[in-house]
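Biologist: I would like a close look at a single part of this model. Please take one helix and go through what surrounds it, in plain terms.

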Amino acid sequence: MLTSYFTVKGYGENEISIQRSRFITYVDRVTTEEEAQAFIEKIKKQHWNANHNCSAYMIGENNHIQKANDDGEPSGTAGVPILEVLKQRDLKDTVVVVTRYFGGIKLGAGGLIRAYSSAASEGINAAGTVERRLAQVYRSTMDYHFLGKVENELRASPYLIKQIDYLDQVQVETFVDSGQEGAFEEFMTNLTNGQVQLEKTEFTYLEEEIK
């Protein structure tokens, strides 16, 4: 599992006009090639009367699935520029479709490349991007008289509280970024004078929006 990677926040769309042609961009997060293809087909059905529905997607930890489709535009002027935007931004698990309604003015190869690159970039901006960071979830079990101090210190620390369970002893679940486990264990041990039971429960990803 990657310790961190970038992807889109979720679904987004945007429209720009270039030399009277409409470029409508649709973006979404996907985890499989099947999901990417289904998204592309949905947009194609939605815009069955468009001149072109060009697309690209990049999927997998090592970007091992990469596809680009010009959908009738001159070879290399649409799908590849969209894919290049995904590569430049290092956005994994992302699919982009740019629908074009021709406005009567030909753009030429260079103009098309710039248009589809701009449309893809603006669409991604509309969807928003996030960094996903791998985190270890810890369950810390302790006596109640430690809770106030521990909760206050945690809220002022880099460690994010997931939940607090009020049982015979209080249990605090905390997200700890991958690689910070040793520092967290020392942090909790010092706060409780060693009177805490620390248990690793699961790995998950935290998302932070990129401004």
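Modeller: What follows is a walk along helix H2, its partner helix H3, and some residues linked to them. Please keep in mind that the model is predicted.

Helix H2 covers residues 79–89, and helix H3 covers residues 108–127. The two pack at an angle of about 45°, and their axes are 8 Å apart. An angle counts as oblique if it is neither under 35 degrees, nor over 145, nor 65 to 115, and H2 and H3 are therefore oblique to each other. The crossing in which H2 passes H3 is right-handed.

Now to the residues that meet. On the H2 side they are Pro-81, Ile-82, Val-85, Leu-86 and Arg-89. On the H3 side they are Ile-113, Tyr-116, Ser-117, Ala-120, Ser-121, Ile-124 and Asn-125. By type, the residues of this contact divide into 8 nonpolar, 3 polar and 1 charged. The numbering on both sides can be read with one rule in mind. An α-helix has 3.6 residues a turn, so residues three or four places apart point the same way.

Burial in H2 comes next. Its buried residues are Gly-79, Pro-81, Ile-82, Leu-83, Val-85 and Leu-86. Several elements cover them, including H3 and the strands E4 (52–59), E5 (65–69) and E6.

Just after H2 comes Asp-90, with a positive phi of about 55°. Asp-90 is a residue other than glycine, and its phi is positive all the same. Asp-90 belongs to the loop between H2 and strand E6, which spans 94–101. The relative accessible area of Asp-90 is 33%, and a residue is buried only under 20% and exposed only over 50%, so Asp-90 is partly exposed.

A positive phi is also found at Gln-19, where the value is near 50° and the residue is again not glycine. Gln-19 sits in the loop between strand E2 (12–18) and strand E3. With 45% relative accessibility, Gln-19 is partly exposed.

Strand E3 leads back to helix H3. Phe-23 is in strand E3 (residues 21–29) and Tyr-116 is in helix H3, and the pair links parts of the chain 93 residues apart. A search of the whole structure finds 7 aromatic pairs. Phe-23 and Tyr-116 form an edge-to-face pair, with 5.2 Å from centre to centre and 90° between the planes. Both Phe-23 and Tyr-116 are buried. Tyr-116 is also among the H3 residues that meet H2.

The last stop is Thr-129, in strand E7 (residues 129–142). Residues within four places in sequence are left aside here. Among the contacts of Thr-129 are Arg-89 and Ile-124, and these two also take part in the contact of H2 with H3. Thr-129 further touches Thr-7, Val-8, Lys-9, Leu-91, Glu-208, Glu-209 and Ile-210. The relative accessible area of Thr-129 is 14%, so Thr-129 is buried.

To sum up, H2 lies oblique to H3, H3 and strands including E4, E5 and E6 cover the buried residues of H2, and Asp-90 follows just after the helix with a positive phi.

Notes: Residues numbered from 1 in each chain as written. Predicted model: local features only at pLDDT ≥ 70, side-chain atom pairs only at ≥ 80, totals over all residues. Heavy atoms only, no water. Axes fitted to C-alpha atoms, helices over the stretch in contact; angles between N-to-C directions. Helix = DSSP H or I, 4+ residues; strand = E, 2+ residues; numbered from the N terminus. Left-handed = near helix turned anticlockwise from the far one by under 90°. Contact = heavy atoms within 4.5 Å. Nonpolar A, V, L, I, M, F, W, Y, C, P; charged D, E, K, R; others polar. Buried < 20%, exposed > 50% of the residue type's maximum accessible area, 1.4 Å probe, protein only. Phe/Tyr/Trp six-rings, centres within 6.5 Å; stacked < 30°, edge-to-face > 60°.
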